[in-house]
Amino acid sequence: MTERSVIVCPPIKGEGRQARVDGQNVEAACSLRGLAEIMRRPGWAGMDEIDVADSPVIEWHGGGPEVW
């Protein structure tokens, strides 16, 4: 079984934060809510903003979940 992961790149002004979900580039997110929605599509069911902010499998680059 492959370990699941999310990498959130540093924010780009006006574009949000690009992310990689399970090794695949996905659209940029502009908020925790947006990232949770993007993650639900590839099967991360039940994720909400609090889950995204607290998840140990999300690797934040260029600032944590409070930086957009």
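These legends walk through several close-up views of a predicted model.

**View 1. Two tryptophans form an aromatic pair.**
Which two rings meet here, and how are they arranged? They belong to tryptophan 60 and tryptophan 68, with ring centres 6.0 Å apart. Their planes stand at 90°, so the pair is edge-to-face. The structure holds 1 aromatic pair, so if you have found these two rings, you have found the pair made by tryptophan 60 and tryptophan 68. Tryptophan 68 has another partner to look for: the charged end of arginine 17 sits over its ring, 5.5 Å from the centre. With a relative accessible area of 30%, tryptophan 68 is partly exposed.

**View 2. Tryptophan 60 has contacts from several parts of the chain.**
Set aside the neighbours within four places in sequence, and tryptophan 60 is in contact with Val8, Arg17, Leu32, Leu35, Val52, Pro65 and Trp68. Arg17 and Trp68 on that list may look familiar, since arginine 17 has its charged end over the ring of tryptophan 68.

**View 3. The largest nonpolar core brings 16 residues together.**
Which members touch the most other members of this core? They are Val6, Leu35, Met39, Val52, Ile58 and Trp60. The elements giving two or more residues to the core are strands S1 (6–8), S2 (17–21), S3 (24–29) and S4 (58–60), along with helix H1 (32–40). H1 gives the most, with 5 residues.

**View 4. Isoleucine 7 sits in strand S1.**
Isoleucine 7 is partly exposed, at 28% relative accessibility. Leaving out residues up to four places away in sequence, isoleucine 7 touches Gln18, Ala19, Arg20, Glu59 and His61. Try tracing the chain from isoleucine 7 to glycine 23: they are 16 residues apart in sequence and 8.4 Å apart in space, C-alpha to C-alpha.

**View 5. Alanine 28 lies in strand S3.**
Is alanine 28 buried, exposed or partly exposed? At 33% relative accessibility, alanine 28 counts as partly exposed. Beyond residues up to four places away in sequence, alanine 28 touches Glu15, Arg17, Gln18 and Ile38. Glycine 16 is 12 residues from alanine 28 in sequence, with 5.8 Å between their C-alpha atoms.

**View 6. Aspartate 22 lies in the loop between S2 and S3.**
What is notable about the backbone here? Aspartate 22 has a positive phi of about 50°, although it is not a glycine. Aspartate 22 counts as partly exposed, at 31% relative accessibility.

**View 7. Serine 55 lies in the loop between helix H2 (49–54) and S4.**
Although it belongs to a loop, serine 55 is buried, with a relative accessible area of 15%. Look for its side chain, which reaches the backbone nitrogen of valine 57 at 3.3 Å.

**View 8. Cysteine 9 and cysteine 30 stay unbonded to each other.**
Why is there no bond between these two cysteines? The sulfur of cysteine 30 is 14 Å from that of cysteine 9, its closest cysteine sulfur, which is too far for a bond. A disulfide needs the two sulfur atoms within 2.5 Å, and the count of disulfides comes to 0. Cysteine 9 is partly exposed, with a relative accessible area of 28%, whereas cysteine 30 is exposed, at 56%.

Definitions and conventions
Residues numbered from 1 in each chain as written. Predicted model: local features only at pLDDT ≥ 70, side-chain atom pairs only at ≥ 80, totals over all residues. Heavy atoms only, no water. Phe/Tyr/Trp six-rings, centres within 6.5 Å; stacked < 30°, edge-to-face > 60°. Buried < 20%, exposed > 50% of the residue type's maximum accessible area, 1.4 Å probe, protein only. Lys NZ or Arg CZ within 6 Å of the ring centre and 35° of its normal. Core = buried A, V, L, I, M, F, W, Y, C linked by side-chain atoms within 4.5 Å. Helix = DSSP H or I, 4+ residues; strand = E, 2+ residues; numbered from the N terminus. Contact = heavy atoms within 4.5 Å. Polar contact = N/O pair within 3.5 Å; in protein donor to acceptor, adjacent residues only side chain to side chain.
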